[in-house]
Amino acid sequence: MHLVMFDIDGTLTETMKVDEECFVRSLAEVCGFTDVETDWSSYKHTTDPGIFHEIYLARARRSPSAAEISRFRQHFINLLTEASASAAFAPIAGARQLLSSLAGSSEHRVSLATGAWSDSARLKMASAGLCFDDHPAASADDAHDRENIMKFSRQRAVERHGVPFVSTVYIGDGVWDARACRTLGIPFIGIGSGERAARLASEGAFRVFQDYSNESLFLESLDEITKTV
């Protein structure tokens, strides 16, 4: 049995832009922080709490309190909720069918590992017609760093399915995903196009797909990876 672990933003849902807009707006409206660096790859931990803590420490010269984190998080979720009510978020092309195919496969199981907070991830997937709770998952509620989030995701997949996994493949859209996979020794498949695709390839992606519209080709790549692990 092979585990296929997915990121969410930019990987299963077309939410990178709205997520960034709501995050930056929350920083300004809740904390008064403007002119924020939005090259998320420049942060030590590219996760919701990791980025928030790093910005807060740099601007306020101290770590945020639990109450300040909660206030920011709730405002961020409220903005995402408003955005999704205005226009439903879209899934990455082919994502719904691929998840269904993998979940029904005799060889694969699916898990989720996202740098988003769980309530953010659940909201975005639901708006895009997907269900966060259908799969074993780990989020930024579990850790600030992506590597430990991925470890939690795998652990929960083992616990839910009661089987050992011969291999794990991670699917993501960010250079931080590729770097975490390199650290953990997990094969990585990138999702992106244009400059992003080129950057993912340069970071060591086994393959890079624009989306999942060619499901058979994607599954062939999965098989190719698992045969080499």
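1. In this predicted model, both faces of strand 1 are covered: His-2, Val-4 and Phe-6 on one side, and Leu-3 and Met-5 on the other, are all buried. Strand 1 spans residues 2-6, and the count of buried residues is 5 of 5.

2. Strand 1 has pairing partners in strand 2 and in strand 4. With strand 2 (residues 108-113) it runs parallel, and 5 bridges join the two. Within this pairing, Phe-6 has Leu-112 of strand 2 as its bridge partner. The pairing of strand 1 with strand 4 (residues 167-172) is likewise in the parallel sense, over 5 bridges. Here His-2 is bridged to Ser-167 of strand 4, and Val-4 stands opposite Val-169.

3. Strand 4 is itself mostly covered, with 6 of its 6 residues buried. Ser-167, Val-169 and Ile-171 point one way from the strand, whereas Thr-168, Tyr-170 and Gly-172 point the other way; all are buried. Two residues already named as partners of strand 1, Ser-167 and Val-169, therefore belong to one of these two sets, and both count as buried, being under 20% relative accessible area.

4. Strand 4 also pairs with strand 5 in the parallel sense, over 3 bridges. Tyr-170 of strand 4 has Phe-188 as its bridge partner in strand 5. Taken with helix 7, strand 4 and strand 5 form a β-α-β unit that is right-handed.

5. Which residues of helix 7 are buried? In this helix (residues 175-184) they are Val-175, Trp-176, Asp-177, Ala-178, Ala-180 and Cys-181. These buried residues pack against helix 1 (16-31), helix 6 (146-161) and helix 8 (194-202), as well as against strand 4 and strand 5 (188-191). Strand 4 and strand 5 are thus named both as packing partners of helix 7 and as its companions in the β-α-β unit. After helix 7 comes Gly-185, which has a positive phi near 75°.

6. A separate helix pair deserves comment. The axes of helix 3 (residues 66-86) and helix 5 (residues 118-127) come within 10 Å and cross at roughly 5°. The two helices are therefore roughly parallel to each other, since angles under 35 degrees are classed in that way. Helix 3 contributes Arg-73, Phe-76, Ile-77, Leu-80, Thr-81 and Ser-84 to the contact, and helix 5 contributes Ser-118, Asp-119, Ser-120, Leu-123, Lys-124 and Ser-127. Sorted by class, this contact contains 4 nonpolar, 5 polar and 3 charged residues.

7. Is Ala-137 of strand 3 (residues 137-138) buried or exposed? Its relative accessibility is 15%, so Ala-137 counts as buried, the cut-off being under 20%. Leaving aside residues up to four places away in sequence, Ala-137 touches Leu-112, Phe-132 and Arg-156. Among these, Leu-112 is also the bridge partner of Phe-6 in strand 2. As for separation, Ala-137 and Phe-218 lie 81 residues apart in sequence and 22 Å apart in space, C-alpha to C-alpha.

Technical notes
Residues numbered from 1 in each chain as written. Predicted model: local features only at pLDDT ≥ 70, side-chain atom pairs only at ≥ 80, totals over all residues. Heavy atoms only, no water. Axes fitted to C-alpha atoms, helices over the stretch in contact; angles between N-to-C directions. Helix = DSSP H or I, 4+ residues; strand = E, 2+ residues; numbered from the N terminus. Parallel < 35°, antiparallel > 145°, perpendicular 65-115°, else oblique. Contact = heavy atoms within 4.5 Å. Nonpolar A, V, L, I, M, F, W, Y, C, P; charged D, E, K, R; others polar. Buried < 20%, exposed > 50% of the residue type's maximum accessible area, 1.4 Å probe, protein only. Pairing = 2+ DSSP bridges. Right-handed = clockwise from strand over helix to strand, strands pointing away.
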